[in-house]
Amino acid sequence: MTGAIPGAMTETLHARGVGVRLGGRRVLDKVDLSVEPGEIVAVIGANGAGKSTLLRAMAGLIAPAEGAVTLGECALADLDVRARGRAIAYLPQERTVHWPLTVRRLVGLGRLPHRARVAAPSVDDRDAVEEAMDAMDVTAIAERAVTELSGGERARVLLARALAQRPRFLVADEPTTGLDPAHGLTLFAQFVRMATQGRAVIVALHDLSLAARYCHRALLLKDGATLALGTARAVLTPRHLAQAYGVRATVTEIEGRPVVLPIEPLP
Amino acid sequence: MSEAVVDAPARDGLAARVPMIGVLAAVAVLAFVASLLVGPAGIGLPGGGDAARVIFWEIRLPRALLGALVGAALGLSGAVLQGYLRNPLAEPGLLGISGGAALGAVVAIHTGAAGAFAIALPAGGLIGAAVAAMAVMLLAGERSGPITLILSGVAISSLAGALTTLALNLSPNPFALVEMLFWLLGSLTDRSLVHVWLAAPLILLGGALLLTTGRALDALTLGEEAAQNLGVDLVALRNRIIAGTALSVGAATAVAGTIGFVGLVVPHLLRPLVGHEPRRLLPASALGGAALILTADVALRLFAPLSEIRLGVVTALVGAPFFLWLILKTRRELGP
């Protein structure tokens, strides 16, 4: 069950002309994004540009006012919520855990969309939980209460929950915030592993160097609309970054890896 | 921090070793049997003549059954609401349903209906609970979240409380006033099997509804968005919780009056023993609530057999100090 999943190669997650209004304000306007199995797509943009809103719409958590999000031929809104939970895992930016569950139990919540109402966890469920904890390097703290962990440990545990869903699409909202450099890299190594298995990752990011290095494509949002969409290299240019973030930036390479370095805010 | 690290596995180990549900079930059964055997007419009623049989079937059995049902309803509903609102201070009264039931019963006494037919008193309570639940539902709106629900519940609760005080204020005579006041204090005395037949189906149905929320409550540990992603329909969940609480707590309050603190204290005490999992807390709290009410009722009969001290007063006397302790504990945990 570690390899590609049946059907994984056939379905694409499409956002078509997605517009979202929150409290009368237009926060997303005619955004198109198609994510193919096997790719990692960065959603970038300044604070308030609509990244989180787009991610929520693509995970089916909010219904767009205009346009639609479809998985293959099926609109997310028409999909059974549990089937949706098996196909798409959503990792919110919010990392509050309300009760002091153990790490293992919390990661196990990722199996809820796979489990029949009263059934005990299956072998598949247990495997998925152990594999996810292993991938995020939290097996050693499996019996600790999540609320007692450091911020970085908690971030990894919450991602392990999403991995335990074994989704075809992972939608992650700024998953590297608060992670130390080593665990940030581990996390993207995991995304790459998922992509090679035929899964896809859609990730909102502020670390543009990580976006340039690991993401196949990038969508740059400004004020809820698309400013640029294409390969990470084509999107992450000084001109785009000046337009989107109001910052003078340099894009260079160190040890053969792309680095995006913001220099100073533009006047 | 280092202390907590050492602490955590030990606590979990304990929870794993002790089959908590079994222990709670045993305690509840013991309390139920004690409730059948203990009373002013003598302990045990061995063999028994006609009088003993009448005491057993007409007085003790209904009282024990109602104690178990009412306690289970309060404990279960408290656990569900704490899980749904992700707040350890939530309790069944928060939704305004027990307030509505109390108002309905007081109105039944006030109008004299309760004097005319014994069944009018609990029926009034049920109508009050249903009206309060519908009002909360309407006020909270179609797609609202927990905060709006709490606000609506508090509003309906205050309104029901104000109207109840008005009914007391306008009491037709001192006897009615005393009757209303004593009823409000909450009690299991002088209930018959009719009360059991009236309340039991509603409490069982409401309880069954509440027991189905376990997985959704587990998922809510991660917050509303993650829970939605895990397949939880938040609107359906909220409606199920209001309906389940209206049926179980509404029926419990309609037959036993307002009994406070059980729904707050029981889930709180049991939560660490089930590893803090909302789903596992639900059956545990139902059993714990039943055990607590039955024990308090037996204690009342043993230690103050002829006094007029009401069950609701006893649970409040136990509950309030617990609340203080909770505040001190929270302060210690949050303090420097």
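**Entry 1: α3 against α12 in chain B**

I began with the residues through which α3(B) meets α12(B), in what is a predicted model. On the α3(B) side I listed Leu66(B), Leu69(B), Val70(B), Ala73(B), Leu74(B), Leu76(B), Ser77(B), Val80(B) and Tyr84(B), and facing them in α12(B) I found Ile241(B), Thr245(B), Ser248(B), Val249(B), Ala252(B), Val255(B) and Ala256(B). Sorted by class, the residues of this contact come to 13 nonpolar and three polar, with no charged residue. For the geometry I took helix α3 as residues 50–85 and helix α12 as residues 234–256 of chain B, and noted an angle of about 145° with the axes 9 Å apart. The crossing of α3(B) past α12(B) is left-handed.

**Entry 2: α9, another partner of α12**

I then turned to helix α9 (residues 193–211) of chain B, which packs with α12(B) at an angle of about 155°, the axes being 8 Å apart. An angle over 145 degrees counts as roughly antiparallel, and α9(B) is therefore roughly antiparallel to α12(B). Here too I noted a left-handed crossing, of α9(B) past α12(B). The residues that α9(B) brings to the contact include His195(B), Leu198(B), Leu202(B), Gly206(B) and Leu210(B), while those from α12(B) include Arg240(B), Gly244(B), Thr245(B), Ser248(B) and Ala252(B). By class I recorded 13 nonpolar, six polar and one charged residues for the contact of α9(B) with α12(B).

**Entry 3: α4 against α6 in chain B**

Next I looked up helix α4 (residues 97–110) and helix α6 (residues 120–140) of chain B, which pack at an angle of about 140° with their axes 6 Å apart. This angle is not over 145 degrees, nor is it in the range 65 to 115, so α4(B) and α6(B) are oblique to each other. The crossing of α4(B) past α6(B) is right-handed. Among the residues making the contact I noted Gly99(B), Gly100(B) and Gly104(B) of α4(B), and Gly124(B), Gly125(B) and Gly128(B) of α6(B), along with others such as Leu103(B) and Leu121(B). The contact of α4(B) with α6(B) has 15 nonpolar and six polar residues, and no charged ones.

**Entry 4: chain B as a whole**

I counted 15 helices and zero strands in the secondary structure of chain B. Along the principal axes, the C-alpha atoms of chain B fill a box of roughly 60 × 50 × 40 Å. I compared its radius of gyration, 20 Å, with the value near 20 Å expected for a compact globule of 336 residues, and the two agree.

**Entry 5: where chain B touches chain A**

How many residues of chain B are in contact with chain A? I found 23 residues of chain B in contact with 25 residues of chain A. On the chain B side, the elements giving two or more residues are α1 (2–17), α10 (214–220) and α11 (224–229), and α1(B) supplies the largest share, five residues. I sorted the residues of this side of chain B into nine nonpolar, seven polar and seven charged.

**Entry 6: the six-stranded sheet of chain A**

In chain A I traced an open sheet of six strands in the order β6-β7-β8-β3-β9-β10, with mixed pairing. Its edges are β6 (88–91) and β10 (225–231), each of which has a single partner strand, so one side of each is left without a neighbour in the sheet. On average, neighbouring strands of this sheet are turned by 15° against each other, direction ignored. Within the sheet, I found β7 (residues 169–173) and β8 (residues 200–204) of chain A paired in the parallel sense over five bridges, with Phe169(A) standing opposite Ala200(A) in β8(A). Helix α6 (residues 181–196) of chain A lies across β3 (40–45), β7 and β8 of chain A, and I noted that it runs at about 145° to β8(A).

**Entry 7: two hairpins of chain A**

Last I looked at β1 (residues 13–22) and β2 (residues 25–35) of chain A, which run antiparallel and are joined by seven bridges, and in which Arg21(A) stands opposite Arg26(A) of β2(A). These strands form a hairpin with two residues between them, and Gly23(A) in the turn has a positive phi of about 55°. Strands β11 (residues 247–254) and β12 (residues 257–265) of chain A pair in the antiparallel sense over eight bridges, and there the bridge partner of Glu253(A) is Pro258(A) in β12(A). The hairpin formed by β11(A) and β12(A) also has two residues between its strands, and Glu255(A) in this turn has a positive phi of about 50°.

Definitions and conventions. Residues numbered from 1 in each chain as written. Chains lettered and ligands numbered in written order. Predicted model: local features only at pLDDT ≥ 70, side-chain atom pairs only at ≥ 80, totals over all residues. Contact = placed C-beta atoms within 7 Å. Helix = DSSP H or I, 4+ residues; strand = E, 2+ residues; numbered from the N terminus. Nonpolar A, V, L, I, M, F, W, Y, C, P; charged D, E, K, R; others polar. Axes fitted to C-alpha atoms, helices over the stretch in contact; angles between N-to-C directions. Left-handed = near helix turned anticlockwise from the far one by under 90°. Pairing = 2+ DSSP bridges. Parallel < 35°, antiparallel > 145°, perpendicular 65-115°, else oblique. Rg over C-alpha atoms; globule rule 2.2 N^0.38 Å.
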